[in-house]
Amino acid sequence: MKTTITVNGQARSLDLDTRTSLLDALREHLNLKGSKKGCDHGQCGACTVLVNGVRINSCLSLAVMHDGDEVTTIEGIGGEENLHPMQQAFLVQDAFQCGYCTPGQICSAVGMLKEAAQNWPSQASEDLTGAIALTDAEIRERMSGNICRCSAYPQIIAAIRDVAGDVA
Amino acid sequence: MRPFTYERPTDVAAAVKAVAATPGAKFLAGGTNLLDLMKLDIEQPTHLVDVNRLPLSGIEDTPEGGLRIGAMVTNSHLAADARVRQRYSVLTQAIVSGGSGQLRNKATTGGNLLQRTRCAYFYDPSKPCNKRHPGSGCSAIDGLNRNSAIFGASDACIATHPSDMAVALTALGAQLETMTADGATRTLAVADLHRLPGDTPEIETNLASGELITAVVLSPAPAGGQVYRKARDRAAYAGGLASVAVVGQQVAFGAVAHKPWRAERTEGALKSGAGAVEAAHAELAGAQDNGKNGFKIALVARMTADALRQASEGRGA
């Protein structure tokens, strides 16, 4: 089935089996191997990408559902010559060991900060009607869809804190 | 995953017609549950009708002072809506307690209601399951049934409905709007959407073949506090062992039955002037212990009493 997806700013036309997940389209058809296949069931978050600016599990979405959408993968977040502040913060805080979950962690963190900036609530929000302060408890809860097998969680929180700034 | 054909209509009537016209067809909304089950070969649709781009993503005020929530509103947008947070905080509390941020960004209002049980035997095609293969037997009844139902189960099935959102909607007395295959519309209560398993646990809802949920309608919330409490095995991103939604003196339980469970005996006891603990026990007196899930009875009783106390103190009002 013919599908056109704008990936990292570039329109890409593909002819896909309807079963192809967005993740497999990115990795196997567009050779963007940054997004990782961990569980392939939406439980680990390694496949997280931004679709129209919103973070989702690319393993649990069909590529054909995204005809006309804009997808940003870790390759579009930044590269060696132009690191995104979140990538820089992960390096500075040593927020990974094996690195397998890292692209998903970074895409998720970028999407999460946008959600928090729009004052979206989370399970950790004490007051649902006021302005939400992005405490460490909030960051932990909001990043709970990203698993790190190396358990670099304290450093991941520190990296996201570096980008988010101090709690107001 | 088995092969399937795919289409993406742009109006509701065409979508309903497409599913009704094609044997083995299913609606595809966020896909976070359906695609997962297709990968496991538990769901086997031959045709998918993608409803993501139907014009059902708005949240409107109703003339009665309530809200009409389009079926394609994502869980994230619904939980974040200022009107929902102000007037229906139990709904926001319930939604943000389920899934992860990524899942809530895809999951929809209609799809959340129609998600399927997380019973481990339903997910394991090597084991008998009357939902997957009617007549094959229930592996959970004498198996690892810690997560199973304590209300309304049958000899054929003791699975639970996993939604948090649906529990809040049940406590709120929400209504659904649907379109049937012939293009007609109807309304039914969220409480009447899901069925108890009986002898046909494979039939989970009272929707007709090809019937599409188009909206959820909330009346003005009753006076009083609103509280959603959920117990689970880890602090984040886990299904509930049990949950309780309290809206004023309206009470529903989650993860304890094949459907969100309206606690009518608890509500009746409250009306008769019973205290929180006594009212909680009024419903739990009818609960059934299947061997490994008996802990839910004491758990729900305590959570209910506590949620009632918090609501009476004005939390979430």
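Which residues are buried in H5(B)? I'll come back to that under point 5, after a walk through chain A and the contact between the chains. Keep in mind that this is a predicted model.

1. **Chain A, overall.** The tally for chain A is 6 helices and 5 strands. Going along the sequence, the elements come as β-β-α-β-β-β-α-α-α-α-α. Chain A has a radius of gyration of 16 Å, close to the 15 Å expected from the globule rule for 168 residues, so chain A is as compact as a globular protein of that length. Along the principal axes, its C-alpha atoms fit a box of roughly 50 × 35 × 30 Å. As for burial, 46% of the 168 residues of chain A count as buried. If you take the contacts in chain A between residues at least 6 apart in sequence, 60% of them join residues at least 24 apart.

2. **The sheet in chain A.** The 5 strands make an open sheet in the order E2-E1-E5-E3-E4 (chain A), and the pairing is mixed. Strand E2 (10-15) and strand E4 (54-57) of chain A are the edge strands; each has a single partner strand, so one side of each has no neighbour in the sheet. From one strand to the next, the twist averages 40 degrees. As a general reminder, strands of a sheet pair through backbone hydrogen bonds, either parallel or antiparallel. For a concrete pair, look at strand E3 (residues 48-51) and strand E5 (residues 70-72) of chain A: they run antiparallel and are joined by 2 bridges. Val51(A) has Val71(A), in E5(A), as its bridge partner. Helix H4 (residues 102-117) of chain A packs on this sheet, where it touches E3 and E4 of chain A, and its direction is at about 40 degrees to that of E3(A).

3. **The H5-H6 loop of chain A.** Two residues are worth a look here. Arg149(A) sits in the loop between helix H5 (136-142) and helix H6 (153-164) of chain A. Arg149(A) counts as exposed because it has 12 C-beta neighbours inside 10 Å, and the cut-off for exposed is 12 or fewer. Between Arg149(A) and Ser61(A), 88 residues apart along the chain, the C-alpha separation is 24 Å. Ser151(A) is in the loop between H5 and H6 of chain A as well. Its phi is near 60 degrees, a positive value in a residue other than glycine. Ser151(A) also counts as exposed, with 10 C-beta neighbours inside 10 Å.

4. **Where chain B meets chain A.** Here, 29 residues of chain B are in contact with 30 residues of chain A. On the chain B side, at least two residues come from each of strand E1 (5-7), helix H2 (34-39), helix H3 (75-80), helix H4 (82-87), helix H5 (89-96) and helix H6 (101-106). H6(B) gives the most to this side, with 5 residues. By class, the side of chain B that touches chain A has 11 nonpolar, 13 polar and 5 charged residues.

5. **H5(B), back to the opening question.** H5(B) is mostly covered, with 8 of its 8 residues buried. By name, the buried residues are Ser89(B), Val90(B), Leu91(B), Thr92(B), Gln93(B), Ala94(B), Ile95(B) and Val96(B). What do they pack against? Their partners within chain B are H3, H4, H6, helix H8 (165-171), strand E9 (226-231) and strand E10 (242-247). H5(B) is also one of the elements that supply at least two residues to the side touching chain A.

6. **H2(B) and the loop after it.** Leu37(B) lies in helix H2 of chain B. Is Leu37(B) buried or partly exposed? Leu37(B) is partly exposed, because 18 other C-beta atoms lie within 10 Å, whereas a buried residue needs 20 or more. Apart from neighbours within four places in sequence, Leu37(B) is in contact with Ile42(B), Glu43(B) and Arg116(B). Thr266(B) is 229 residues from Leu37(B) in sequence and 36 Å from it in space, C-alpha to C-alpha. Asp41(B) is placed in the loop between H2 and strand E3 (47-50) of chain B. Although Asp41(B) is not a glycine, its phi is positive, about 65 degrees. Asp41(B) is exposed, with 11 other C-beta atoms within 10 Å.

Technical notes: Residues numbered from 1 in each chain as written. Chains lettered and ligands numbered in written order. Predicted model: local features only at pLDDT ≥ 70, side-chain atom pairs only at ≥ 80, totals over all residues. Helix = DSSP H or I, 4+ residues; strand = E, 2+ residues; numbered from the N terminus. Rg over C-alpha atoms; globule rule 2.2 N^0.38 Å. Contact = placed C-beta atoms within 7 Å. Nonpolar A, V, L, I, M, F, W, Y, C, P; charged D, E, K, R; others polar. Pairing = 2+ DSSP bridges. Axes fitted to C-alpha atoms, helices over the stretch in contact; angles between N-to-C directions.
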